[in-house]
Amino acid sequence: MYIIVVGGGRLGYYLTKALISEGHEVVIVEKNPTICQNINDELGSVCIRGDGCEAATLTEIGTARADMLIAVTGDDEDNLVACQVAKHKFNVPRIIARVRNPQNETIFKKLGIDVTVSSTNIILENIKEELPTHPLTHLLTIRDKGLEIVEIKIPPDSTTIGKSLKELSLPEGSRLALIIPKEHNPRVPTSDTILRDGDRVIAVTTPESEAALRAALRGA
Amino acid sequence: MGCGRVGAQLAGLLDSNGHLVTILDTDDYSFRRLPPTFSGTALVGNGLNEEVLKKAGIEEADAFVAVTQGDNRNVMASQIAKHIFNVPRVICRIYDPLRQELYSTLGLEAFSPTTIFAQILREKLES
């Protein structure tokens with residue numbers, strides 16, 4: 001695939017490195033000449049000095065034939081515009097924007113950017129996962145279905161311990177996929193599976209049912 | 001949004017014509033540009049932030065104008081005003097003529113001072 005990366009910061013650099021090693025054709029667009037030079041010294045001639053929001057620069061690097069554009073500068077507004085220019089002027093089929101401010105995720109969606117990656121939210125989620133008291137971790141979002149895969153820990157004070165799954169009233173739209181017990185091997189749950197202290201439940205749910213699912217599994 | 005020379009002057013003109021004006025800037029030092037007679041509201045904050053925009057009264061606004069130094073900031077703020085808060089009239093300054101063209105075709109009322117001023121100069125020189 002031909003992939004354009006806008007922004008040669010740390011994220012842009014490592015992303016490009018990874019994409020190149022997967023065999024893709026990659027061009028980075030970066031404004032700062034020193035950063036540009038450093039990238040070219042390390043990765044070969046992959047970095048073009050220019051503004052990734054400017055149609056002239058994007059024309060020069062053949063954006064019209066690009067399969068994907070990924071905007072990963074540190075400024076949300078620059079990522080938004082780079083993606084919109086790529087989408088509307090060059091008809092790039094797939095665009096991905098990095099979002100620094102988590103609030104902008106919904107704004108970007110409303111403005112036509114389908115795929116956003118919120119670096120702040122990912123870091124927050126990773127840190128929260130390490131907190132022993134944190135009840136629910138987001139593992140994966142399945143955007144086109146509006147679903148997410150989450151992990152819910154069953155702490156010792158849960159009133160559901162010792163109950164079978166059929167005794168619990170799980171919210172509509174939620175499915176349990178896997179139970180990882182503290183001691184034993186992971187198993188696919190059935191209606192007769194008994195919940196134990198320390199179980200980790202992997203479930204598929206809609207974002208709306210998330211709280212209800214958590215309450216159902218741990219006892220409200 | 002943006003209390004530079006253009007923003008401050010526009011805010012002053014609209015204010016003296018009896019409109020209710022709120023001007024936003026990230027730096028309160030910029031408000032020194034407002035005329036001493038300005039009776040509107042000067043608010044420190046980032047116009048890309050929905051909360052700040054609400055505080056500025058965007059939900060009741062009849063018009064929103066983005067004239068910061070950053071084209072992309074103006075574009076993003078204008079789109080938020082138009083598509084999220086449904087402000088009836090939104091005007092956006094975009095220095096880059098190509099970007100201005102694109103966003104005009106996408107339905108944003110956008111002006112490029114670069115294009116306009118170049119035209120004015122050409123007309124002066126050719127007349």
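# Exercises on a predicted two-chain model

Chain A has 7 helices and 10 strands. The model is a predicted one, and the exercises below walk through both chains.

## Exercise 1: The parallel sheet

Work out the strand order of the 6-stranded open sheet of chain A, and find its edges.

*Solution.*

Step 1. Trace the pairing from strand to strand: the order is β3-β2-β1-β4-β5-β6 in chain A, and the pairing is parallel.

Step 2. Look for strands that pair on one side only: these edge strands are β3 (47-49) and β6 (115-118) of chain A.

Step 3. Check how the strands are turned: neighbours in this sheet make 20° with each other on average, direction ignored.

Step 4. Now add the helices. Helix α1 (residues 10-21) of chain A packs on the sheet and touches β1 (2-6), β2 (25-30), β4 (68-71) and β5 of chain A. The direction of α1 makes about 165° with that of β2(A). Helix α6 (residues 119-129) of chain A also packs on the sheet, where it touches β5 and β6 of chain A. The direction of α6 makes about 50° with that of β6(A).

Step 5. Zoom in on one edge. Strand β5 (residues 94-99) of chain A pairs with β6(A) in the parallel sense, over 4 bridges. One pair to find on screen is A:V99 with its bridge partner A:S118 in β6(A).

## Exercise 2: The antiparallel sheet

Find the strand order of the 4-stranded open sheet of chain A, and explain why its edge strands each have a side without a neighbour.

*Solution.*

Step 1. The order is β7-β8-β10-β9 in chain A, with antiparallel pairing.

Step 2. β7 (136-142) and β9 (175-180) of chain A are at the edges; each has a single partner strand, so one side of each lacks a neighbour in the sheet.

Step 3. Neighbouring strands in this sheet are turned by 20° on average, direction ignored.

Step 4. Follow a central pairing: β8 (residues 147-153) and β10 (residues 200-205) of chain A run antiparallel and are joined by 6 bridges. A:I152 stands opposite A:V201 in β10(A).

## Exercise 3: A helix with a buried side

Which residues of α7(A) are buried, and what do they pack against?

*Solution.*

Step 1. Place the helix: α7 (residues 210-218) of chain A lies across β7, β8 and β10 of chain A, at about 150° to β10(A).

Step 2. List its buried residues: A:L213, A:R214, A:L217 and A:R218.

Step 3. Ask how they are spread around the axis. They cover an arc of only 115°, so they are on the same side of α7(A).

Step 4. Recall the helix geometry: with 3.6 residues a turn, residues three or four places apart in an α-helix point the same way.

Step 5. Name the partners: the buried residues of α7(A) pack against β7, β8 and β10 of chain A. After the helix comes A:G219, with a positive phi near 80°.

## Exercise 4: One residue of helix α6

Is A:E129 buried, partly exposed or exposed?

*Solution.*

Step 1. Locate the residue: A:E129 is in helix α6 of chain A.

Step 2. Count its surroundings: 13 other C-beta atoms lie within 10 Å. A buried residue would need 20 or more, and an exposed one would have 12 or fewer, so A:E129 is partly exposed.

Step 3. Find its contacts: beyond neighbours within four places in sequence, A:E129 is in contact with A:H134 and A:T137.

## Exercise 5: Overall shape

Compare the radius of gyration of each chain with that of a globule of its length.

*Solution.*

Step 1. Chain A has 22 Å, whereas a compact globule of 220 residues would have a value near 17 Å.

Step 2. Look at the domains: the assignment gives domain 1 (2-119) and domain 2 (129-218) in chain A. Their centres, taken over C-alpha atoms, are 37 Å apart.

Step 3. Turn to chain B, with 5 helices and 5 strands. The radius of gyration of chain B is 15 Å, close to the 14 Å of the globule rule for 127 residues, so chain B is as compact as a globular protein of that length.

## Exercise 6: Where the chains touch

How many residues does each chain bring to the contact, and which helix of chain B gives the most?

*Solution.*

Step 1. Chain B brings 16 residues and chain A brings 15 residues.

Step 2. On the side of chain B that touches chain A, α3 (71-84) and α4 (97-105) of chain B each supply at least two residues.

Step 3. α3(B) gives the most to that side, with 8 residues.

Technical notes:
Residues are numbered from 1 along each chain as its sequence is written. Chains are lettered from A and ligands numbered from 1 in the order in which they are written. This is a predicted model: local features need pLDDT of at least 70, side-chain atom pairs count only at pLDDT 80 or more; totals for chains, interfaces and linings use all residues. Two strands pair if DSSP finds at least two bridges between them. Axes are lines fitted to C-alpha atoms, for helices over the stretch in contact, and angles run from 0 to 180 degrees between N-to-C directions. Two residues are in contact if their C-beta atoms, placed from the backbone, lie within 7 Å. Domain bounds come from an automatic or database domain assignment. The arc is that of the directions from the helix axis to the C-beta atoms. The radius of gyration is taken over C-alpha atoms; the globule rule is 2.2 Å times the number of residues to the power 0.38.
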